[in-house]
Every structure is written in structure tokens, then in C-alpha cells.
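Biologist: I am new to this structure and would like to go through it with you. Could you show it to me before I ask anything?

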Amino acid sequence: MKLRNCLALAGLLVAPLSLQAMTADEVVQNHCVACHQAGLGGAPKLDDKAAWSPRIAKGVDAMTQIVLTGKGAMPPKGTCGSCDEALLKSAVEVMTAPMK
Ligand code: HEC
């Protein structure tokens, strides 16, 4: 009984940590750079202004919609299955900010 209480308490302490949402920076580092760093599968590279400018011109909302549904070699949500639309939009902003 005592051990069970102890485990339950530990669970309560750990759960909020593991459920804590990723920041946009973490999403980019954990999910997006895998392809966008090296240009895997034709992904626009992080420093390739020429590849990004026509995309950036469409606006961040249009780019976010493409990430949500996936395109070409990019799977839906850019592999971040737990990301919601708002978080993906922030990730797009983080990723494209240096090119603007
Ligand atoms: C498995 C590889 C892969 C991963 C992971 C990935 N991408 Fe992509 N991404 C691509 C490829 C390939 C394209 C080019 C698609 C095309 O134009 O055919 C692309 C295109 C894009 C575009 C441009 C869409 C447009 O408007 O044309 C954005 C924005 C983008 N990715 C954001 C992200 C974000 C944000 C993440 C992380 C959440 C991510 N990507 C993860 C491969 C990836």
C-alpha cells in the first residue's frame, strides 16, 4: 500500500513534466532540421534564401497549411505528430525568420 502511494505520487510529479509542450525551437530541432538542415528529399535548406523566398511570399499561414498536410517528401506535420497548428506555425516562423 505504501509503495503504491509512493508510485502514485511519483507519477503525479513526473506526468506534468513529460506532458509539457515543446517550444517552437525544440520542435524545429527535434523534428524539422532532420530534413531541412541537409535538404533531404528536396527540402528547402535552412539557409537557402532562393528556395524559401517564393514560399515565404505566400505567407506563414499558407506554409503552415502545407506542413499540416505534408507535401512531397515531407510527412504530415513534418513528423511532429503531437504538434498542433499553432505550434507548427511558430516552428515555421522560427525556421524562416533568418531568411526574411
Ligand atoms: C522527412 C523530411 C522533412 C521533415 C522532417 C520536415 N520537412 Fe518540411 N519539407 C520537406 C520537403 C521535402 C519539402 C519540400 C516540399 C515540396 O515543395 O515538394 C518541405 C517543405 C517545407 C516548407 C515549405 C512549404 C511550402 O510552402 O512549399 C515548410 C514551411 C516546411 N517544410 C516546414 C517544416 C517544419 C516546420 C517541419 C518540422 C515540424 C518540417 N518542415 C519537417 C521535408 C521535411
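**Around the ligand**

Modeller: This is a predicted model. The ligand is surrounded by 26 residues, and the closest are C32, C35, H36, R55 and M74.

Biologist: Which residues coordinate the iron atom of the ligand?

Modeller: H36 does so through NE2 and M74 through SD, at 2.0 to 2.2 Å.

Biologist: What is the arrangement of the six donor atoms around the iron atom?

Modeller: The arrangement is octahedral, because the six donor atoms subtend angles of 87 to 179° at the iron atom of the ligand. For six donors, that class requires opposite donors to be over 155 degrees apart and all others to lie between 65 and 115.

Biologist: And where do H36 and M74 lie?

Modeller: H36 belongs to helix α2, residues 24-36, while M74 is in the loop between α4 (60-69) and α5 (85-96). The pair therefore ties together parts that are 38 residues apart in sequence.

Biologist: Is H36 buried or exposed?

Modeller: H36 has a relative accessible area of 9%, so it is buried. The limit for that class is under 20%.

Biologist: What about M74?

Modeller: M74 is partly exposed, because its relative accessible area is 24%.

Biologist: Which polar side-chain atoms lie by the ligand's oxygen atoms?

Modeller: One belongs to K58, and it lies 2.8 Å from an oxygen atom of the ligand. Another belongs to K71, with a distance of 3.3 Å to an oxygen atom of the ligand. On the nitrogen side, a polar side-chain atom of H36 lies 2.8 Å from a nitrogen atom of the ligand.

Biologist: Which pocket does the ligand take up?

Modeller: The ligand takes up the space of the largest pocket. Two or more residues of the shell around the ligand come from each of α2, α3 (49-58), α4 and α5.

Biologist: Which of these elements gives the most to the shell?

Modeller: That is α2, which contributes five residues.

**Away from the iron**

Biologist: Let me change topic to A24. Where does it lie?

Modeller: A24 is part of helix α2. Its relative accessible area is 14%, so A24 counts as buried. The C-alpha atoms of A24 and C83 are 9.5 Å apart, although 59 residues separate the two along the chain.

Biologist: Now the loop between α4 and α5. Which backbone angle stands out at K77?

Modeller: It is phi: K77 is not a glycine, yet it has a positive phi, near 60°. Most residues other than glycine have a negative phi. K77 is located in the loop between α4 and α5.

Biologist: And what is phi at T79?

Modeller: T79 is not a glycine either, and its phi is positive, at about 75°. T79 is also placed in the loop between α4 and α5.

Biologist: How accessible are K77 and T79?

Modeller: K77 has 24% relative accessibility, so it counts as partly exposed. T79 has 46%, so T79 counts as partly exposed as well.

Biologist: One last residue, T96. Is it buried or exposed?

Modeller: T96 counts as buried, because its relative accessibility is 1%. T96 lies in helix α5.

Biologist: What lies 2.7 Å from a polar atom of the T96 side chain?

Modeller: The backbone oxygen of V92 is found at that distance.

Technical notes:
Residues numbered from 1 in each chain as written. Predicted model: local features only at pLDDT ≥ 70, side-chain atom pairs only at ≥ 80, totals over all residues. Heavy atoms only, no water. Donors = N, O, S within 2.8 Å, 3.2 Å for Na, K, Ca; no water. Tetrahedral: all angles 85-135°; square planar, octahedral: opposite > 155°, others 65-115°. Helix = DSSP H or I, 4+ residues; strand = E, 2+ residues; numbered from the N terminus. Buried < 20%, exposed > 50% of the residue type's maximum accessible area, 1.4 Å probe, protein only. Near = heavy atom within 4 Å. Polar contact = N/O pair within 3.5 Å; in protein donor to acceptor, adjacent residues only side chain to side chain. 1 Å grid on protein atoms, 1.4 Å probe; cavity = no way out; pocket = protein on both sides within 12 Å on 5 of 7 lines; lining within 4 Å. Sits in = over half its atoms within 2 Å of the grid points.
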